[in-house]
Amino acid sequence: MKKTILLAFAVCLMTACEKLSPDEAMAEIENEKSEELVNGRTFTFTLKGDFGNEMKTRGILSANGSDMSDLWLFDYVGDNLMQQLHLTPSDENFDAPTITLSYTSHHVYIVVSRGGMPTVDSESHTIVWDKVSDTFWKDYAIDVTSTSTKNRSCTLARMVTKLKVSPTDEIPAGIESIVVAPSVCYSGIDYKTGDPLAGGAVERVIPVPESYVGTTGQLSASIFSFSSATS
């Protein structure tokens, strides 16, 4: 019985310690502020771009009615990667990412995409997708000081092109799919420069619903690839 009483008393003490008084809570907040003044400033980014509609919808980033699946922030000081942030729609601040930057000059490279199976390589500063889809990018330069504005609005550029195939012949019975096979496909980007990364030939198999059989000029198939001003 004595052991039980002592254990209950210890639990009570632990619970009491977890509850901060108003003065202690205020001191903790001030301590956090002091740490920020020493370590840097926390910024919130509002993302804009050349989208077909508003990018921010229901707390989810979207473009032309399709939701984005990944967001990356790469924080560089000079050639050094200081930190890397990856968010998905399940994260609370997916539509308004925040990051703390130290007091110096930074480049924050922002990538938003809904491509499939991305692979990030920080050594070569690249992202490659198994299936390319709508993707946006920004190199955001910022000099961080103690008076820097914390809320930042930045406009991202669309980094992809879309190849659309529209058969003009009548769709025959028995057809199951259309195969689009470009000889060169740009399947990734250098996230520091925005330049596309050339890959080999790809083959995209696009199913054809049976409802299109016998129709003319109604079926179309599209694939995405990265592009630059010259490629």
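## A guided tour of the predicted model

Begin by colouring the whole chain by confidence: this is a predicted model, and the mean pLDDT of the protein is 78, with 76% of its residues reaching 70 or more. Select residues 1-17 next, where the pLDDT stays under 50 and where the model has 0 contacts beyond four places in sequence. Then move to residues 33-37, a stretch whose pLDDT is also below 50, although here the model does show 6 contacts beyond near neighbours in sequence.

**The open sheet**

Now select β9, β10, β15 and β16, and display them as a cartoon; these 4 strands form an open sheet in the order β9-β10-β15-β16, and their pairing is antiparallel. The edges of the sheet are β9, at residues 116-121, and β16, at residues 196-198, each of which pairs on one side only. If you look along the sheet, neighbouring strands are turned against each other by 30 degrees on average, with direction ignored.

Stay at the β16 edge and add β15, residues 186-190, which runs antiparallel to β16 and is joined to it by 3 bridges. To find one particular pairing, select Ile189, whose bridge partner in β16 is Pro196.

**Two positive phi values**

At the other edge, select Met117, which lies in strand β9 and has a positive phi of about 50 degrees although it is not a glycine. Switching on the surface places Met117 among the exposed residues, because its relative accessible area of 64% is over the 50% cut-off.

Follow the chain onward to His125, in the loop between β9 and β10, the latter spanning residues 126-131. Its phi is near 45 degrees, again a positive value in a residue other than glycine. His125 counts as partly exposed, at 23% relative accessibility.

**Around Gln83**

Finally, centre the view on Gln83, which sits in strand β6, residues 80-87. Is Gln83 buried or exposed? Its relative accessible area is 30%, so Gln83 is classed as partly exposed, since that class lies between under 20% for buried and over 50% for exposed.

Show the residues in contact with Gln83, leaving aside neighbours within four places in sequence: they are Leu73, Phe74, Asp75, Ile99, Thr100 and Leu101. A C-alpha to C-alpha distance drawn from Gln83 to Ile99 should read 9.2 Å, for two residues that are 16 apart in sequence. Next, draw the distance to Thr100, whose backbone oxygen lies 2.7 Å from a polar atom of the Gln83 side chain.

Key: Residues are numbered from 1 along each chain as its sequence is written. This is a predicted model: local features need pLDDT of at least 70, side-chain atom pairs count only at pLDDT 80 or more; totals for chains, interfaces and linings use all residues. Side-chain values use heavy atoms; hydrogens and water are left out. pLDDT is the predictor's confidence in each residue, from 0 to 100. Contact means heavy atoms within 4.5 Å. Two strands pair if DSSP finds at least two bridges between them. Axes are lines fitted to C-alpha atoms, for helices over the stretch in contact, and angles run from 0 to 180 degrees between N-to-C directions. Buried means under 20% relative accessible area, exposed over 50%, partly exposed in between (1.4 Å probe, protein chains only). A polar contact is a pair of N or O atoms within 3.5 Å; within protein, one must be able to donate a hydrogen and the other to accept it, and residues adjacent in sequence count only if both atoms are side-chain atoms.
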